[in-house]
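Q: I have a structure open and would like to learn how to read its helices and chain contacts. Could you walk me through it?

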Amino acid sequence: MNATRGHLTALAAIVAAGVAVAFGVRDQVTLELIFTFFLYAVLGQSWNWISGYAGNISFGHAIFFACGAYASGLLVTAGWSPWLAFVSGALAAIVLALLTGFPTLALRGHYFSIATIAVAALVEVTVRVAPGLNGANGFELPIRSGWSALEFADKTNYVLLALALFAAVQLATIGLERSRLGFYLRALRANYAAAESVGIDERRWKLLAFAASAVMASAAGVLYAQDTLFVDPPSVLGLSVSIDIALIGVVGGLGTLWGPAAGALVYVVLAKGVALHVGGSGKGYDLVLYGAIICVIAALRPDGIVGAIVGRQRRARGAAGPDALAAEPT
Amino acid sequence: MSARVLAVVLAAAFGLTALPGGAPRAADPPPDIVIGSILPLTGALAQTGAGLRAAQELAVDLVNGHVSYPLPAVGHSGLPHLGHARIRIVFADSQGKPDQARVAAEELISQEHAVALIGAYTSSTTATASQVAERAGIPYLNSDSSAPGLTTRGLHWFFRTTPSDATFAANFYQFLTDVAHARKTPTLVKKIAIVGEDGLFGTGAGDAEAALGTQHGYTIATRIAYPATTTEVNAEVQRIKSAAPDAIMIASYLPDALLFMRGFKDQGVTPQAILAQDSGFIDPGFVRALGPDADGIFTRDVFSLDIKHRNHAVPLIDQLFRQRFGGKPLDGNSARDLMGVLVLADAIDRAGSTAPEAIRTALVATNIPGDHTLMPWSSIKFDAQGQNIGGAGIIEQIQDGKYETVWPFDVAVKPVIWPMPAWKH
Amino acid sequence: MEALSTFGQLLVAGLLTGLVFALVAVGLTLVYGVMDVVNFAHGEFVMLAMYAGFGLALLGIGPLVGLPLVSIALFLFGIVVYRLFVRRLLAGPPEASVFGTFGLLVLMQGLAQALFTSDYRSVPNPPFQGTVQLGVFALPQAALVEGLGAIVLTAALFAFIEYSPVGRAMRAVSEDRTAATLMGIDVQRINLLAFGLGAACAGAAGALLLLSNPAFPDVGASFALTAFVVVALGGFGSIAGALLGALIVGVMEVLGGYYLSPELKLVPVYLAYLIVVLARPQGLLGRR
């Protein structure tokens with residue numbers, strides 16, 4: 001498909017640029033920003049699978065991010081290899097997704113969103129009181145270096161890893177849009193009653209998307225832990241983390257391939273840019289700006305940045321109206 | 001089509017970020033010695049961060065100035081052993097988040113070429129920022145984070161002037177012993193209830209208090225951890241009431257502190273003493289909201305203007321600070337951070353060099369007598385783990401709506417009122 | 001028996017706590033009922049009201065006298081927010097209102113911090129600090145006043161929706177917007193009034209909450225989170241449901257805190273929500 005070829009080309013370009021930057025840029029702070037960008041793009045995309053494509057808006061996505069982060073914290077502190085965290089974090093994420101998704105994915109609209117908040121709150125309490133998870137103290141990872149320890153003094157390899165994860169996730173999403181799962185999700189999101197009436201099992205397909213999205217978020221969590229070297233409930237499980245993830249997806253555009261990347265770009269530029277230039281006076285101007293931007297986007301461009309572009313494209317091609325739920329892939 | 005355009009835009013965006021010029025790089029005149037400071041300058045702790053920043057900037061001016069006070073490194077117009085080079089602090093924002101603190105530390109080291117780092121107030125941000133310093137082989141001095149774990153990590157470059165939760169808990173028990181002694185009874189308190197919010201602050205304080213209490217032979221009648229943002233504490237108060245403790249040790253922020261005090265009053269919980277760990281209990285809103293019911297409550301603090309008889313610089317520095325920070329007086333946070341900069345400047349001066357290892361050696365050799373600090377400490381002297389062993393808290397009691405230092409007895413300005421008076425109805 | 005009297009005390013405390021949650025929840029459920037919007041910034045409206053009440057207190061105007069003033073101020077604020085912002089959100093896809101109101105939440109918290117700083121603002125010498133003894137039960141005066149306020153507010157709102165012409169129009173709009181338009185109801189105006197009314201409820205809640213809570217930028221979030229669960233439990237759009245849900249949540253939180261542990265006190269609340277919503281997806285008394 002022409003559109004797909006375009007996306008693959010774009011992805012290849014980004015990977016190439018990313019590799020060049022990873023090796024070319026020597027400033028550690030800039031590299032850290034780029035690492036953060038890819039990480040948030042992955043998180044946003046993982047959220048996008050369930051909230052955008054499937055249409056179940058989640059405000060508790062941090063729990064999956066925490067699966068990977070805590071897997072890292074636990075394993076490394078116990079002397080195991082952090083690479084195992086990708087596996088164990090993914091497993092934990094899948095189990096958690098199935099456990100919590102099975103009862104809740106059939107809930108409509110706001111009920112689901114608040115259910116995700118309830119679930120996330122339950123998970124957070126569990127982590128705080130469960131023995132062996134260190135409660136409020138969290139885990140501090142020891143300082144190491146090298147591929148086997150998955151820690152590096154120089155940020156280049158972190159950027160490469162995040163880039164690889166980003167590429168994998170984008171490829172998976174391109175695949176999703178062209179796959180049967182993607183088709184079913186779009187149908188369910190457009191009109192679940194009609195979809196069910198032609199035999200699309202909502203629970204089954206949404207669970208699949210949910211589990212996949214959980215695995216992606218968990219992988220991002222592992223990279224986060226290996227970079228920050230610190231994991232505790234507020235930084236990986238808090239409601240604000242879930243909200244940050246959701247806002248990245250929204251600003252970029254729900255249910256679009258490149259939305260999360262666009263949202264992550266805005267977030268990184270804004271959060272860091274504002275903090276650098278406006279912060280320091282003790283006031284909350286950075287929050288004011290961020291909030292204002294979200295309001296403006298919600299009011300004027302509710303499809304998000306990419307959603308607006310896609311909508312305009314579709315209208316140019318003569319599709320019937322700017323409905324983001326139209327049944328063809330971007 | 002436009003997907004490719006988007007790709008080009010994104011690729012170009014990376015290219016742009018690769019250009020130098022994130023934080024504006026100041027042109028350093030050769031003699032200036034740069035210290036990097038990580039503070040929560042934005043976010044929920046922005047207010048606190050601003051106060052800490054003001055204190056640190058005041059310290060810089062004191063070091064670079066020529067007015068002498070009985071404080072280390074002050075009044076010598078810079079660092080004498082480095083040709084009177086001036087010190088300068090470059091601030092980076094942690095936003096109160098551990099991953100951001102990390103970036104801030106990296107920025108200060110790689111872009112600003114700081115010779116040492118200070119910060120970062122919350123224990124979790126200090127943890128990550130100091131790890132960056134450790135990797136880079138740069139000294140890190142913390143003056144305001146109390147989690148005991150920070151100095152038991154085995155870091156080579158980490159030093160901490162402030163006492164930790166373990167010391168503060170020890171202060172409580174020493175206080176109880178001292179009061180019992182003064183009253184000529186073997187012990188006043190047998191059962192203790194430990195209450196704290198469920199975050200790092202409350203848990204750290206509670207863990208230290210529980211461990212030491214058991215060690216000293218007290219009965220921990222109940223241990224309560226509650227969600228920090230809770231809007232009611234009915235069950236917690238009932239549990240404490242059922243436990244009938246002789247003393248309650250509590251670590252709370254202001255809203256929960258108020259909920260608890262009012263709950264104790266309403267439900268008739270009347271221990272001999274309520275011992276609070278700072279924070280909500282020394283917030284100006286505490287006395288304002290409780291009125292006469294605040295009287296009799298003890299709180300641990302790290303600093304008080306009452307210690308002015310130990311070092312006449314205290315009220316003078318307090319005045320200077322008020323001028324800088326909207327009339328707000330010097331408090332535990334600002335005093336500690338100010339001292340932290342002075343200690344670091346003193347070490348760099350004694351090192352006679354900005355080489356990390358030299359500064360570190362000088363820090364290890366630090367030995368500042370307590371009356372040459374702004375703090376109610378016996379000294380500033382680091383142990384093998386980088387923890388200052390001369391530090392301790394003080395205990396204040398609210399009497400007639402004012403915080404009066406009552407312990408240690410040699411810095412006390414008022415006697416202890418024991419037991420605390422009954423709740424006013 | 002002491003255990004029984006403790007249980008009784010906890011039960012009463014739970015009900016009083018629940019009434020406080022109801023205070024915050026009724027405005028939220030009203031807005032949803034009429035225009036299908038969950039105002040995620042509702043907690044920030046309450047926070048704004050608390051600051052307004054604090055300001056009045058500094059001028060010597062007590063919280064009870066200030067209550068109508070604050071409610072009116074918040075009503076006007078709600079009208080403005082609707083006109084300038086929420087109306088546009090309604091024109092977009094359903095997600096727009098979710099994220100728009102979230103953006104409003106972030107914006108308002110940021111403004112509060114920028115304008116008022118993150119200092120805690122507690123009313124000096126607040127009224128109603130005593131305790132009322134009812135047999136073996138000790139009831140804080142402030143909680144009683146708040147509880148009474150909640151009952152009055154809920155009853156008044158319910159009566160308004162049931163019996164007044166505007167209220168009937170609101171019910172019509174919430175049941176079937178298209179039909180209501182066809183019947184000649186100006187839906188935009190009804191939306192506007194409903195949003196303003198919801199904000200006014202938040203205003204009343206804030207003014208009363210000031211009796212036992214300081215104002216600070218994040219205070220809204222603490223109450224709002226529970227309010228969302230309450231509203232969803234009771235059924236979005238149902239005022240009686242909000243009251244019922246609030247009482248249930250309050251009792252569960254307090255009893256859970258005592259018989260389980262304070263750290264786990266919200267667990268039964270969230271579990272109860274999940275169970276009810278699974279068994280009865282529209283909430284206890286909700287319609288759809």
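Q: Is α9(C) mostly covered or exposed, and how is that judged?
A: A residue is buried if 20 or more other C-beta atoms, placed from the backbone, lie within 10 Å of its own. By that count α9(C) is mostly covered, with 14 of its 16 residues buried. This is a predicted model, where local features need pLDDT of at least 70, side-chain atom pairs count only at pLDDT 80 or more, and totals for chains, interfaces and linings use all residues. Residues are numbered from 1 along each chain as its sequence is written, with chains lettered from A and ligands numbered from 1 in the order written.

Q: What span should α9(C) have?
A: Helices are DSSP runs of H or I, at least four residues, and strands are E runs of at least two, numbered from the N terminus. The expected span is 1.5 Å times one less than the number of residues, so the 16 residues of α9(C) should cover 22 Å, and the 23 Å between its end C-alpha atoms agrees. Just after this helix, Gly235(C) takes a positive phi of about 110 degrees.

Q: How many residues does each chain give to the contact between chains C and B?
A: Residues are in contact if their backbone-placed C-beta atoms lie within 7 Å. Chain C contributes 33 residues and chain B 30. On the chain C side, elements giving two or more residues are α1 (2–35), β2 (137–140), α9 (219–234) and α10 (239–259). The largest share there, 5 residues, comes from α1(C).

How values were computed: Contact = placed C-beta atoms within 7 Å. Buried ≥ 20, exposed ≤ 12 C-beta atoms within 10 Å, placed from the backbone.
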